[in-house]
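Q: I have this model open at the bench and would like a close look at a single part of it. Could you walk me through how that part is held together, and then place it among its surroundings?

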Amino acid sequence: MCAESGAPFPPSLPTLQQLSPAHARLCLGIERFCRGALGLAPGSRLVLALSGGADSTALALLMRLLAPRLTLSLFALSVDHQLRPESAADARHVAALCRWLGIPCRVRGKDVAACARGWGCGLEDAGRKVRYALLEEERKAVNADWIVLGHHAGDLAEDVLLRLTRGAGWPGLAGMAAKDEGRRLLRPLLFTEPEALRGLLRALGILWREDASNQDRTFRRNRLRHAVLPQLRRENPALDRSIVTLHQLGELDGDFWEELLDAALDAHPWQEVEGDDGPGLLLPRALLRGLHPAARLRLYVRALRALGQASGAQGQARGATLLALDEALREGRANTYFQLPGGMEATLRRGSITFKKSAHSPRSRARPASVTPSTSRP
């Protein structure tokens, strides 16, 4: 139901009591998810990320219906990426939706194509960086606690496949987090089927905008969405529910590993070191020898993340190199270094490992890492 024809919204906002039993259960299920899995505190202030599509339109409606029950203060931001002729009309639709819902809304425009050229990255990456940066600016401007995104179970399935193609390891392979403390992100619809969201909008006569770029198969996500996932769903009609279960297992496993590493680091802290090209981290022998190899691999990734160098796009090459690094540690090799993607290196010496900026590759673009260590050096 595209918002280009007919009145986009009904005369008045419905109440939960006016919804059909099925749609009321949908809303109450999302409320339970907010209270339970997300731990959303009463009185929270939220910035909703709205594009005008079906998912974000449903997000705005659902959070508005639940706001009195959860005592929420809602704000909204729509980012006009200026990539399509109709993008300004999409932003106007979001503004009209927010007026109907009674949610304060700001529209921000940004030339994403120019950003992509300047940053030397693709349009998808540039759009994502711009969007999250502007959302964080808005969160701070309105003193909000969280940014709320409209990702649903279909997006989770796509994200798992994207991570698989990039070489992600477990438990990160289970997909995007429902609650991202570091970036102050919430995804209250993450376990909700997209057709349930569209069904709610259709039942209430609420229209949305369709983004034609979602059909463009030059983007990997769209190729997975339109070609790969339909085939997998034919093989397993319960695929999306299976991926939700995988995600839940991954969240539990992730918490376990984080607690284990926290305890190990409390007993034997890593040490900050200063290299010629910036800070690094030394993982002492006492820390490493007390851990199972699976825990050490996750410790290496945590160290790289602490140095700002854990890039999902480089996961496959990084994972192979970290496996080779741990093999060298188990074999007792000394004075050996490994080059990692992202311009980083790991040095193995006397049973300790140091991660730092590499002096053997350009700062901004390291060549793909080899699983074979470079020649030992003093």
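What follows is a look at the charged pairs around one helix, and then at the strands, cores and cysteines elsewhere.

Q: Which side chain meets Asp 90 in a salt bridge, and which parts does the pair tie together?

A: Happy to help! Please keep in mind that this is a predicted model. The partner of Asp 90 is Arg 209, and their side chains meet in a salt bridge at 2.6 Å, N to O. Asp 90 sits in helix 3 (residues 87–101), while Arg 209 belongs to the loop between helix 7 (194–204) and helix 8 (220–235), so the salt bridge ties together parts that lie 119 residues apart in sequence. Both Asp 90 and Arg 209 are buried. As general background, side chains of opposite charge can pair when their charged atoms come close.

That loop takes part in another pair: Glu 210 forms a salt bridge with Arg 198, with the closest N and O atoms 3.4 Å apart. Because Glu 210 is in the loop between helix 7 and helix 8 and Arg 198 is in helix 7, this pair ties together parts 12 residues apart in sequence. Glu 210 counts as partly exposed, at 40% relative accessibility, and Arg 198 is partly exposed as well, at 23%.

Back to the charged group you asked about: salt bridges that share partners join Arg 84, Glu 86, Asp 90 and Arg 209 into one network. Within it, the side chains of Glu 86 and Arg 84 meet at 3.0 Å, N to O. Glu 86 is partly exposed, with a relative accessible area of 24%. The structure has 24 salt bridges by count.

Now for the surroundings, beginning with the nonpolar residues. The largest nonpolar core has 59 residues, and those with the most contacts inside it are Leu 46 and Leu 48. Helix 2 (residues 54–70) gives this core its largest share, 11 residues. Beyond its neighbours within four places in sequence, Leu 46 is in contact with residues that include Met 63, Phe 75, Trp 146 and Leu 186. Another core, of 27 residues, lies apart from it; among its members are Leu 287, Leu 322, Ala 324 and Phe 338.

Further along the chain, strand 10 (residues 344–349) has 5 of its 6 residues buried, so the rest of the structure largely encloses it. Strand 9 (residues 336–340) pairs with strand 10 in the antiparallel sense over 5 bridges, and Thr 336 has Leu 348 of strand 10 as its bridge partner. The hairpin of strand 9 and strand 10 has 3 residues between the strands, and Gly 342 there takes a positive phi near 85°. Strand 10 also runs antiparallel to strand 11 (residues 352–357), joined by 6 bridges. One of the pairings is between Ala 346 and Phe 355 of strand 11. That hairpin has 2 residues between its strands, with Arg 350 in the turn at a positive phi of about 55°.

Last, the cysteines: the structure holds 0 disulfides. Cys 34 is buried, at 1% relative accessibility, and its sulfur is 11 Å from the closest cysteine sulfur, that of Cys 27, so the two are too far apart for a bond. Cys 121 is in no disulfide either, with the nearest cysteine sulfur, in Cys 115, 8.4 Å away.

Note on methods. Residues are numbered from 1 along each chain as its sequence is written. This is a predicted model: local features need pLDDT of at least 70, side-chain atom pairs count only at pLDDT 80 or more; totals for chains, interfaces and linings use all residues. Side-chain values use heavy atoms; hydrogens and water are left out. A nonpolar core is a set of buried Ala, Val, Leu, Ile, Met, Phe, Trp, Tyr and Cys residues joined through side-chain atoms within 4.5 Å. Buried means under 20% relative accessible area, exposed over 50%, partly exposed in between (1.4 Å probe, protein chains only). Helices (H or I, at least four residues) and strands (E, at least two) are DSSP runs, numbered from the N terminus. Contact means heavy atoms within 4.5 Å. A disulfide is a pair of cysteine sulfur atoms within 2.5 Å. Two strands pair if DSSP finds at least two bridges between them. A salt bridge is a side-chain nitrogen of Lys or Arg within 4 Å of a carboxyl oxygen of Asp or Glu.
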